[in-house]
Amino acid sequence: MYNASFFRSKLGHASLASVAAMALMIAFTGQMTLGVEDAHIAQPSGETTMLVELA
């Protein structure tokens, strides 16, 4: 599969940087807890709610 010469190449360095960036992103976003009451987004009001699928 991958050997040491791959990780010494520019592509290998880029792949390691990409994996590290994804791991950091997951670690940082995993610590964020956003509840519905915390988010400042538009909430539907009234008696009926219409769901629209955006394609």
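This passage describes the helices, surface and aromatic contacts of a predicted model. Residues are numbered from 1 along each chain as its sequence is written, and side-chain values use heavy atoms, with hydrogens and water left out. Local features need pLDDT of at least 70 and side-chain atom pairs count only at pLDDT 80 or more, while totals for chains, interfaces and linings use all residues.

The secondary structure of the chain comes to two helices and zero strands (DSSP runs numbered from the N terminus: H or I of at least four residues for helices, E of at least two for strands). Of its 55 residues, 2% count as buried (under 20% relative accessible area, against over 50% for exposed and partly exposed in between; 1.4 Å probe, protein chains only). About 5,500 Å² of the chain is exposed, and carbon and sulfur atoms supply 66% of that area (Shrake-Rupley method, 1.4 Å probe; for residues, only the protein chains shown count as cover).

Y2 lies in the segment before α1 (4-8) and, because its relative accessibility is 54%, counts as exposed. Together with F7 and L16, Y2 makes a nonpolar surface patch of about 310 Å². Patches are made of residues with over 30% relative accessible area and no salt bridge, with nonpolar side chains (Val, Leu, Ile, Met, Phe, Trp, Tyr) joined within 5 Å and like charges within 9 Å; a salt bridge is a side-chain nitrogen of Lys or Arg within 4 Å of a carboxyl oxygen of Asp or Glu.

As for aromatic contacts, the count comes to one pair. F6 and F7 form this pair edge-to-face, at 5.1 Å centre to centre and 75° between the planes (ring centres of Phe, Tyr and Trp, the last by its six-membered ring, within 6.5 Å; planes under 30 degrees apart are stacked, over 60 edge-to-face, the rest tilted). F6 is partly exposed because its relative accessibility is 21%, and F7, at 32%, is likewise partly exposed.
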